[in-house]
Amino acid sequence: MANQEDIFKKVVSHAKEYGYVVQSSEIYDGLSAVYDYAQNGAELKKNIREYWWRAMVQLNGNIVGIDAAIFMHPTTWKASGHVDAFNDPLIDNKDSKKRYRADVLVEDHTAKIEAKIEKEVAKAAKRFGDAFDKEQFLATSPRVVAYREKIDTILKRLGRSLENEDLADVKALIEELEIACPLSGSKNWTDVKQFNLMFGTKLGASADSAMDLYLRPETAQGIFVNFLNVQKTGRMKIPFGIAQTGKAFRNEIVARQFIFRMREFEQMEMQFFIKPGTQQQWYETWKQNRMKWHLSLGMGNENYRFHDHEKLAHYADAATDIEFKFPFGFKELEGIHSRTDFDLGAHEKYSGKKLQYFDPEMNESYVPYVIETSIGLDRMFLAIFSHSLREEELENGTTRTVLKLPAVLAPTKAAVLPLVKKDGLPELAHQIIDALKWDFNVIYDEKDAVGRRYRRQDANGTPFCVTVDHQSLEDQTVTIRHRDNMEQQRVAISEVGEIIAREVDMKTWLMEMA
Ligand code: ATP
């Protein structure tokens with residue numbers, strides 16, 4: 001089996017080759033950690049966004065969506081804490097001159113210990129066969145327990161030092177663990193420093209009157225500053241939510257792993273405003289709701305897990321990540337945070353405006369608490385794309401590359417293929433497209449032998465191929481081929497739309513959440 005790095009390389013090159021994702025400004029050798037979505041990528045991304053929007057806004061009577069500007073008044077970022085606290089601890093290796101996030105170096109170290117645990121589990125599973133009880137093994141194997149304790153001790157210390165801004169201790173920890181620069185192998189480190197991740201820019205033409213601005217590092221603040229507008233004009237009653245999707249910008253220190261960590265990316269966030277004291281219950285509810293949304297896409301329950309935070313951000317009283325098994329291991333895909341009244345309270349203070357809700361049942365006003373769900377659209381794209389890309393061995397000994405995207409999200413739902421480029425078959429194929437295009441993205445392809453065309457559509461993620469042959473002219477039937485099992489059926493042309501609809505209908509997929 002190919003190793004993880006090879007699989008990931010394949011993902012990146014497939015994304016480029018099939019018009020999904022390319023480096024930004026590639027003709028100028030690209031811009032680090034900035035990417036463009038090409039023709040298929042733009043469609044897939046739009047479909048993911050739509051799948052999220054429908055689940056959050058359309059299906060919840062008490063959630064509405066907005067679209068706030070990227071530029072915001074600079075005081076916003078003072079109030080939110082981003083000016084003072086949106087920092088990452090960075091460290092440089094003096095020999096390779098490479099810059100790293102100090103916390104990531106330590107976490108990568110613990111991931112290596114985690115890998116050792118997995119190895120022990122695999123070995124034991126082999127030894128005990130059917131009698132193997134994983135839970136029991138994890139709890140009792142002295143070696144595993146020792147590894148686990150080691151990981152816990154390291155992460156606790158890291159969390160504590162970061163919390164106390166004790167950067168000297170973060171460096172000491174890196175030295176004690178004998179972490180070496182992955183590039184040079186050297187342990188010659190600088191001190192750890194804080195680095196603010198916001199991009200600054202200026203508003204206004206003349207230098208003296210220009211105002212310093214930031215590109216928003218998260219979409220959430222656009223929701224908080226609009227809380228009262230939306231609550232009043234929408235006559236919203238607590239509990240209610242405001243959702244939005246949009247670009248965010250972070251000057252990430254280490255931007256690697258393709259679209260996993262970008263400097264310009266898109267978020268899909270929802271802030272749910274609740275009565276103080278009910279946060280534990282709503283936090284649990286949103287954890288479950290969001291996990292159901294992920295599982296509805298059918299990418300395997302075993303590929304998701306919750307990771308509760310040890311170290312809480314300055315605004316949170318509870319936080320968890322939904323992690324997904326990417327080709328490079330389990331990593332954060334979505335964050336769910338209980339943000340208390342931190343944001344609205346801070347905006348009240350800095351703006352001097354009351355941001356409160358009058359509760360008619362209690363007959364009193366209060367600053368609502370907030371549960372936030374925040375997912376990176378690009379990261380979700382990567383999760384889906386990397387999970388879907390497969391090399392399959394076929395019965396005849398050949399292999400095929402197939403992109404098994406959830407059909408509901410696939411950029412193109414069907415390709416219509418005339419068996420040959422003559423005898424009126426192209427004309428009939430175009431007629432079929434003209435009928436289908438009102439409901440689905442469909443494409444026409446007449447180049448190469450039909451087997452080659454099937455492979456091309458497999459690699460492109462298209463769930464159906466509709467082949468028009470000479471018999472089609474006689475009896476108005478076509479062959480419809482399913483991407484995943486490669487089965488072919490002869491069906492009436494009039495049935496094709498219905499067959500496609502059954503598999504790509506968003507309602508059917510979303511109902512899996514119920
Ligand atoms: P990380 O720990 O990976 O830096 P974070 O905890 O800072 O992420 P949040 O601020 O909680 O992330 O942002 C919410 C979501 O936005 C993340 O779960 C992730 O999906 C996405 N996200 C954050 N930073 C980036 C980035 N640089 N590129 C792509 N997606 C991102």
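User: In this predicted model, which residue of strand 16 is the bridge partner of Met-270?

Analyst: Start with the strands. Strand 10 covers residues 264-274 and pairs with strand 16 in the antiparallel sense, over eight bridges. Within that pairing, the partner of Met-270 in strand 16 is Thr-373.

User: And on the strand 13 side, which residue stands opposite Thr-373?

Analyst: Strand 13, residues 329-340, also pairs with strand 16 in the antiparallel sense, this time over six bridges. The residue standing opposite Thr-373 there is Ile-336.

User: Is strand 16 largely enclosed or not, and how many of its residues are buried?

Analyst: Buried here means under 20% relative accessible area. In a regular strand, side chains alternate between the two faces of the sheet. In strand 16, Tyr-369, Ile-371, Thr-373 and Ile-375 point one way while Val-370, Glu-372, Ser-374 and Gly-376 point the other way, and all are buried. Strand 16 is largely enclosed by the rest of the structure, because the number of its residues that are buried is eight of the eight.

User: What about Thr-245: buried or exposed, and with what relative accessible area?

Analyst: Thr-245 sits in strand 9, residues 240-249. Leaving aside residues up to four places away in sequence, it touches Arg-49, Trp-52, Trp-53, Asp-67, Glu-266, Gln-267 and Met-268. The cut-off for buried is under 20%, so Thr-245 counts as buried, with a relative accessible area of 14%.

User: Let's move to the ligand. Which strand gives the most to the shell around it?

Analyst: The shell has 16 residues, and the closest are Glu-252, Arg-261, Met-262, Glu-332 and Leu-333. Strand 10, strand 13 and strand 16 each supply at least two shell residues. With five residues, the one that gives the most is strand 13.

User: How many charged residues does that shell have?

Analyst: Split the shell around the ligand by class. There are four nonpolar and five polar residues, and the charged ones number seven.

User: What share of the ligand's exposed area does the protein bury?

Analyst: Look at the polar contacts. A ligand nitrogen is 2.8 Å from a polar backbone atom of Met-262, and a ligand oxygen is 2.6 Å from an N or O atom in the side chain of Glu-332. Arg-379 has a polar side-chain atom 3.1 Å from an oxygen atom of the ligand. Taken alone, the ligand exposes 590 Å², and the share of that buried by the protein is 86%.

Definitions and conventions:
Residues numbered from 1 in each chain as written. Predicted model: local features only at pLDDT ≥ 70, side-chain atom pairs only at ≥ 80, totals over all residues. Heavy atoms only, no water. Buried < 20%, exposed > 50% of the residue type's maximum accessible area, 1.4 Å probe, protein only. Helix = DSSP H or I, 4+ residues; strand = E, 2+ residues; numbered from the N terminus. Pairing = 2+ DSSP bridges. Contact = heavy atoms within 4.5 Å. Near = heavy atom within 4 Å. Polar contact = N/O pair within 3.5 Å; in protein donor to acceptor, adjacent residues only side chain to side chain. Areas by Shrake-Rupley, 256 points an atom, 1.4 Å probe, with all protein chains shown as cover. Nonpolar A, V, L, I, M, F, W, Y, C, P; charged D, E, K, R; others polar.
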